[in-house]
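Hi there,

Here is the structure I promised to pass on to you. Have a look at it first, and then read my notes below.

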Amino acid sequence: MTLLVTGGAGFIGSHFVLDWLAMSDESVVNLDKLTYAGNAHNLEPLTGDRRHVFVQGDIGDAALVGALLAQHRPRALINFAAESHVDRSIRGPGEFIQTNIVGTFQLLEQVRSHWGQLPQAEKSAFRLLHVSTDEVYGSLGANDPAFTENPRNEPNSPYSASKAASDHLVRAYHHTFGLPVLTTNCSNNYGPMQFPEKLIPLMIVNAQAGKPLPLYGDGRQIRDWLYVKDHCSAIRAVLDRGQVGQTYNVGGLNEKANLDIVHSVCDLLDELSPRADGQSYRKQITFVPDRPGHDRRYAIDARKIERDIGWKPAETFETGIRKTVQWYLDSPRWVAQVQSGAYREWVATQYVQA
Ligand code: NAD
Ligand code: TYD
């Protein structure tokens, strides 16, 4: 038996593939375009492992996806592939429309065609699990109840709008064509191997490099934070026990303001890798102009996945953030590898005033 994973060289996808192959003998075909966010180094532990077949390519390449489905006959497809960074979607939405909307559409078309021709037993066992985000739901006020699995989305950034569009396409392919889909909408992930354009790894690498820690606006925006390996275990649980056509929210039970997140990172660095001058890394916090259209608060109501599937996160924020900071301190080679020319260009453009 085989899984087809898309975007499996990215942050969450590579954790998923590594964890899967550590627990199962079921092989993985990993289709990834290797954009700036894809990192083949994440998959180094699988070098020489015949259960892992890596294919560099685009989910929007119909011929390639069709050929992979025909050749490997996966029993499931997990779709992680996406452009995933809100700030990049503000500077250039085009790639987000192309991959997240058009790419997902092309993928769905290939899966629909392949699935339609399968013998009945394979057809009913097949699953397409689409990985999405809580950002599709919109922004909450301080006292609003947390997001439930509500198909009435109010996305505010080009990123979240493109993810919402892909969720709607997945839903429509189930409703119209009967495709056996599952969708997960999860909160902000963090953990080892996250590209340092996202909040937590950016703060860790900047702190270590003696650079400013740029907080947008007043730093009081709230997110729910989910340790990446908990997200992967949730996806395995939904794949295993999710009801076809359903959407499941995945959350970390950790609603925190950005400023508090950065304080936690600084305090851990003070303990694990103190500054030479004995001062706290908090001194490096700098408030910079806010992100346009910045969503104020996301919060996840994850009762459905716990009730129907029996999943809850294993990590608290305190345990997860300690593992994360320690991993970055232990992995200077990985950090140096991802801080290539392209990364430096992004930082120079985005943080021009920081
Ligand atoms: P990431 O940016 O780290 O990785 C994305 C991966 O997809 C990369 O390896 C990239 O090369 C690949 N990719 C991009 N375009 C592709 C294409 N056209 N064809 C094939 N591969 C392509 O993203 P991530 O943080 O690992 O997120 C994975 C998924 O989870 C995304 O769908 C994202 O929307 C969703 N998600 C992420 C978070 C988070 O906090 N990181 C939270 C909620 C949901
Ligand atoms: P990010 O990691 O980009 O995830 P998302 O926008 O998908 O939630 O950002 C998390 C929060 O941190 C978000 O409120 C924006 C904020 N942020 C900063 O304040 N400074 C930064 O340099 C970055 C990258 C993010």
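Start with Tyr 351: a polar atom of its side chain sits 2.6 Å from an oxygen atom of ligand 2. Keep in mind as you look that this is a predicted model. Arg 291 also reaches ligand 2 with its side chain, where a polar atom lies 2.5 Å from an oxygen atom of the ligand. Tyr 216 uses its backbone instead, with a polar atom there 2.9 Å from an oxygen atom of ligand 2. On its own, ligand 2 has 510 Å² of accessible area, and the protein covers 97% of it. Two or more residues of the surrounding shell come from each of α3 (86-91), α7 (199-208) and β8 (213-216), and β8 has the largest share, with 3 residues. Sorted by class, this shell holds 7 nonpolar, 5 polar and 6 charged residues.

Now for ligand 1. It has 28 residues around it, and those that come nearest are Ile 12, Asp 32, Ser 84, Tyr 159 and Lys 163. Which backbones make polar contacts here? Gly 10 has a backbone N or O atom 2.9 Å from an oxygen atom of ligand 1, and a polar backbone atom of Phe 11 is 3.0 Å from an oxygen atom of ligand 1. For Lys 33, the partner of the polar backbone atom is a nitrogen atom of ligand 1, at 3.0 Å. Of the 830 Å² that ligand 1 exposes when taken alone, the protein buries 97%. Its shell divides into 12 nonpolar, 12 polar and 4 charged residues, and β5 gives the most, with 3 residues.

Enjoy exploring!

Methods
Residues numbered from 1 in each chain as written. Chains lettered and ligands numbered in written order. Predicted model: local features only at pLDDT ≥ 70, side-chain atom pairs only at ≥ 80, totals over all residues. Heavy atoms only, no water. Near = heavy atom within 4 Å. Polar contact = N/O pair within 3.5 Å; in protein donor to acceptor, adjacent residues only side chain to side chain. Areas by Shrake-Rupley, 256 points an atom, 1.4 Å probe, with all protein chains shown as cover. Helix = DSSP H or I, 4+ residues; strand = E, 2+ residues; numbered from the N terminus. Nonpolar A, V, L, I, M, F, W, Y, C, P; charged D, E, K, R; others polar.
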